[in-house]
Amino acid sequence: MRSDRVAGPDAGRLARADRREELLDAALELVAGGDVESVSVDAVADRAGVSRSLVYKHFANRTDILTALYERESTRLHDELAADVVAARSLEEKYRALCHGSLTAAKERGQIFDGLRSAAGMNKQLRKIQRDRDRQTAAAYVHLTEREIGVPPEVAEPVTALLLGAIAPMLNLWHARPTERYAAEIEDAYMCMVAGTLGELRKRALGSEPAPARDADLSRWMAERIEQASPDELKRITLSVVRALEDAAPQS
């Protein structure tokens, strides 16, 4: 007779992993309730309906719980965004998927991540995880830019860094005015910048001309302007950059 029950040493490992997830779920409920400061070994034990000693079998202290929870939730978010990006067909739509997904996450889970970041802190382990993910994301977009537009890495890399780097200040703008309408305006402004920048790259690639040497300075200038820009200002920056690049392009 067949049984779905896991036997042997794997059963113990599975049960331990499941218990750890249950404890993290209990901690998440506390954080989602807007009271991250209440998270403690005692509070998690009470919420999960287990003893303090069982919590200590999985986590050394409160910081350990919050760090593990941040790592789990950020990994889930990264995987969701990655799936949306992979499903998008064109390079522009992949940028839109990342932008839209980031804004959606800010709306739905911003309070959770803000609480976890402030309480657990971005320790060395979490900083390394985030840097590794950022590098993987940037490398994927660089590769897509090279393949789809036909530009060399020295052109694709700074453009990718610029467009991906605009996501964080874009989210800061939304946090200052967290409404659905403003999120749509920010997304529209971001996509204007994406379309203008990638459109200029395509024109250069068709002309088989190398990128002007001043691209790096232009990227730095845009990064500084974007940091404090509103959606309307982002649109104006995009138009200014596109015109500047057109002026710098060799005339046929």
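Contact means heavy atoms within 4.5 Å. The exercises below use this term for a predicted model.

**Exercise 1. State which residues proline 153 touches, leaving out residues up to four places away in sequence, and say where proline 153 lies.**

Step 1. Proline 153 lies in helix 7.

Step 2. With residues up to four places away in sequence not counted, proline 153 touches Glu146 and Pro158.

Step 3. The C-alpha atoms of proline 153 and valine 142 are separated by 7.1 Å, and the two residues are 11 apart along the chain.

Step 4. Partly exposed covers the range between 20% and 50% relative accessible area. Proline 153 has a relative accessible area of 33%, so this residue is partly exposed.

**Exercise 2. Describe the overall make-up of the protein: how many helices and strands are there, and what share of the residues counts as buried?**

Step 1. The protein has 11 helices and 0 strands. Along the sequence the pattern reads α-α-α-α-α-α-α-α-α-α-α.

Step 2. The protein has 252 residues, of which 40% count as buried.

Step 3. The accessible surface comes to about 14,200 Å², and 51% of this surface belongs to carbon and sulfur atoms.

Step 4. Among contacts with a separation of 6 or more, 71% are between residues 24 or more positions apart.

**Exercise 3. Work out how helix 7 and helix 8 are oriented to each other, and which residues make the contact.**

Step 1. Two packed helices are described by the angle between their axes and the distance between the axes.

Step 2. Helix 7 covers residues 153-165 and helix 8 covers residues 167-176; their axes come within 5 Å and cross at roughly 15°.

Step 3. Angles under 35 degrees count as roughly parallel. Helix 7 and helix 8 are therefore roughly parallel to each other.

Step 4. On the side of helix 7, the contact is made by Leu163, Leu164 and Gly165, and on the side of helix 8 by Ile167, Ala168 and Pro169.

Step 5. These contact residues divide into 5 nonpolar, 1 polar and no charged.

**Exercise 4. Do the same for helix 4 and helix 6, and place threonine 67 in the result.**

Step 1. The axes of helix 4 and helix 6 are 11 Å apart, and the helices pack at an angle of about 5°.

Step 2. By the cut-off used in the previous exercise, helix 4 and helix 6 are therefore roughly parallel to each other.

Step 3. Helix 4 contributes Thr67, Tyr70, Glu71, Ser74, Thr75, His78 and Val85; these meet residues of helix 6 including Gln125, Ile129, Arg133 and Tyr141.

Step 4. The contact of helix 4 with helix 6 divides into 5 nonpolar, 8 polar and 2 charged residues.

Step 5. Threonine 67 is in helix 4. Its relative accessibility is 6%, so threonine 67 counts as buried. Threonine 67 and glutamine 125 are 58 residues apart in sequence, with 8.9 Å between their C-alpha atoms.

**Exercise 5. Find which helix gives the most residues to the largest nonpolar core, and list the contacts of tyrosine 95.**

Step 1. In soluble globular proteins, nonpolar side chains tend to be buried together.

Step 2. The largest nonpolar core here has 65 residues. Those with the most contacts inside this core are Val44, Val55, Tyr95, Tyr190 and Leu198.

Step 3. Among the elements that give two or more residues to this core are helix 1 (9-32), helix 2 (41-48), helix 5 (91-120) and helix 9 (180-207). Helix 5 gives the most, with 11 residues.

Step 4. Leaving aside neighbours within four places in sequence, tyrosine 95 is in contact with Tyr141, Thr160, Leu163, Leu164, Tyr190, Met191, Val194 and Leu198.

**Exercise 6. Decide for lysine 94 and for arginine 202 whether each is buried or partly exposed.**

Step 1. Lysine 94 is found in helix 5, and arginine 202 in helix 9.

Step 2. Buried means under 20% relative accessible area. Lysine 94 has 9% relative accessibility and so counts as buried. Arginine 202, with a relative accessible area of 26%, is partly exposed.

Step 3. Not counting residues up to four places away in sequence, lysine 94 touches Val85, Val86, Ala88, Arg89, Tyr141 and Leu144.

Step 4. With neighbours within four places left aside, arginine 202 is in contact with Glu92, Glu148 and Ile149. Arginine 202 and isoleucine 149 are 53 residues apart along the chain, and their C-alpha atoms are separated by 5.8 Å.

Terms used
Residues are numbered from 1 along each chain as its sequence is written. This is a predicted model: local features need pLDDT of at least 70, side-chain atom pairs count only at pLDDT 80 or more; totals for chains, interfaces and linings use all residues. Side-chain values use heavy atoms; hydrogens and water are left out. Axes are lines fitted to C-alpha atoms, for helices over the stretch in contact, and angles run from 0 to 180 degrees between N-to-C directions. Helices (H or I, at least four residues) and strands (E, at least two) are DSSP runs, numbered from the N terminus. Angles under 35 degrees count as roughly parallel, over 145 as roughly antiparallel, 65 to 115 as roughly perpendicular and the rest as oblique. Ala, Val, Leu, Ile, Met, Phe, Trp, Tyr, Cys and Pro count as nonpolar, Asp, Glu, Lys and Arg as charged, and the others, Gly among them, as polar. A nonpolar core is a set of buried Ala, Val, Leu, Ile, Met, Phe, Trp, Tyr and Cys residues joined through side-chain atoms within 4.5 Å. Buried means under 20% relative accessible area, exposed over 50%, partly exposed in between (1.4 Å probe, protein chains only). Accessible areas come from the Shrake-Rupley method with a 1.4 Å probe; for residues, only the protein chains shown count as cover.
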